[in-house]
Amino acid sequence: MSMETFHTLTQLLDNAGCRYNIFDLGRRVNEIESEQFKAVEENRQPYPWPLQQHAHIAISFWQHQQPPWVWFLRLPLDERGLLKQAAVGDFIKYVIEAMGASLNSTPTEEEQQKLANNPYTFKPNDDKMAIFNAQLRVLLNLPPSQYYADAQAYLSGQQDWQQWQHIGLQGLADICARMPQHNNATSLRKALNHLPMTPLYALLGCLEHCSIPAALTQRITERLTLECQQRQPDLFLIAALVRALAGSTPQHLKQTLTTILNQPSLCHREVLIAIAGRCWSGFSDIDIASLFLLRLAETEDQTLFNQLFTDLVMQPLLRGIMLQILHGQADPALIIAIQKLQQHAKNH
């Protein structure tokens, strides 16, 4: 097969006899089924979870018993959310130059450098990297990292809660990715109210990429309710707790969003950014989506309104709902924000 005939990454991987897994790393870290990804690559459907008009993906692939390679790619999307084919073609060229079409030659240091420095690769932040590693190890039936045992011992309350400095983020991510095993979900639930702020934030940052069982959902919700009732609630903690509930049931997520959005004093920009970034699936309910946009308009931060609206309208699941709200508004604050958004779009 000549180089010109590879139009997609999956063609290249299939041709080389690789096994592979594909993950979205833009919003919540989760696996993309290979059939769905092939449909995206062939422009038969838009990318399901765009972020800032790009697909942020991790492709891990391997041959035989080799350890997996991972590509972290940030690929541009057009205004319809479809992959820009030229970018994919460009990246394939870089790969073939470095590794050959069979993908089984180990690139020299110089070729590795070239492959790493192309315009389409990116470095995920530490949280996403940790949970991606943890989820991938579960998927490939590999053991957890060396940090797992320490994190387990700490979260099960066998040590002083203040002695968390030796706990690695990767260990917490491993526990979250393995909630059904070793009583981990119970340990997490029991630990939640004891954790000092630093490990609590790290743990919540991992949970936002996982499906959350009912008992743990309940505990996070109790903690959120308690914080919302404080005379001076910690809005950063509220944002982290709300994000951690992104993987609760759709019904529970919608209840949570309704509760928060009905209290204007809690709708600080940090909280609204957290909701848009992780809990946007709750906006499949048009009433919640409208209320969110109203609270966003009430911040009077037009730049933020434009950014978040533009990002949400790109989500294939929400496009119809966002456009419906755009054309059917009665609330004065929201009407003004939408008019300014439309003016901004005209000028750019």
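This report describes the sheet, a helix pair and the largest pocket of one protein model. The model is predicted, and the local features discussed here rest on residues with pLDDT of at least 70.

The strands form an open sheet of four, in the order S2-S1-S3-S4, and their pairing is antiparallel. Strand S2 (30-32) and strand S4 (69-76) are the edge strands, each of which pairs on one side only. From one strand to the next, the twist averages 35 degrees. Two of the strand pairings are set out below, each with a pair of residues that face one another across it.

| Strand pair | Sense | Bridges | Example of facing residues |
|---|---|---|---|
| S1 and S2 | antiparallel | three | Phe23 and Glu31 |
| S3 and S4 | antiparallel | eight | Ala58 and Phe72 |

Strand S1 covers residues 19-24, and its Phe23 has Glu31 of S2 as bridge partner. At the other end of the strand order, S3 and S4 form a hairpin with six residues between them, and His64 in the turn has a positive phi of about 50 degrees. Within this hairpin, Ala58 stands opposite Phe72 of S4. Helix H5 lies across S1, S2, strand S3 (54-62) and S4, and runs at about 145 degrees to S1.

Elsewhere in the model, H13 and H15 pack with their axes 11 Å apart and at an angle of about 10 degrees. Because this angle is under 35 degrees, H13 counts as roughly parallel to H15. On the H13 side the contact is made by Arg269, Leu272, Ile273 and Ala276, while H15 contributes Leu304, Leu308 and Leu312. By class, the contact comprises six nonpolar residues, no polar residues and one charged residue.

The largest pocket has a volume of about 920 Å³. It is lined by 39 residues, of which Arg27, Gln52, Gln307, Leu308 and Asp311 are the closest to its centre. Leu308 thus appears in two settings, since it belongs to the contact of H15 with H13 and is also among the residues closest to the pocket centre. Helices that each supply at least two residues of the lining are H5 (126-139), H9 (197-207), H11 (235-244), H13 (269-278), H15 (302-313), H16 (319-327) and H17 (332-347). H15 gives the most to this lining, with nine residues. H5, which lies across the four strands named above, is also one of the helices that supply at least two lining residues. In terms of residue class, the lining divides into 17 nonpolar, twelve polar and ten charged residues.

Definitions and conventions. Residues are numbered from 1 along each chain as its sequence is written. This is a predicted model: local features need pLDDT of at least 70, side-chain atom pairs count only at pLDDT 80 or more; totals for chains, interfaces and linings use all residues. Side-chain values use heavy atoms; hydrogens and water are left out. On a 1 Å grid over the protein atoms alone, a cavity is a set of points where a 1.4 Å probe fits but cannot get out, and a pocket is an open set with protein on both sides within 12 Å along at least five of seven lines; lining residues have an atom within 4 Å of a point. Grid points are joined across faces, edges and corners, and a volume is the space filled by probe spheres set on the points. Ala, Val, Leu, Ile, Met, Phe, Trp, Tyr, Cys and Pro count as nonpolar, Asp, Glu, Lys and Arg as charged, and the others, Gly among them, as polar. Two strands pair if DSSP finds at least two bridges between them. Axes are lines fitted to C-alpha atoms, for helices over the stretch in contact, and angles run from 0 to 180 degrees between N-to-C directions. Contact means heavy atoms within 4.5 Å. Angles under 35 degrees count as roughly parallel, over 145 as roughly antiparallel, 65 to 115 as roughly perpendicular and the rest as oblique.
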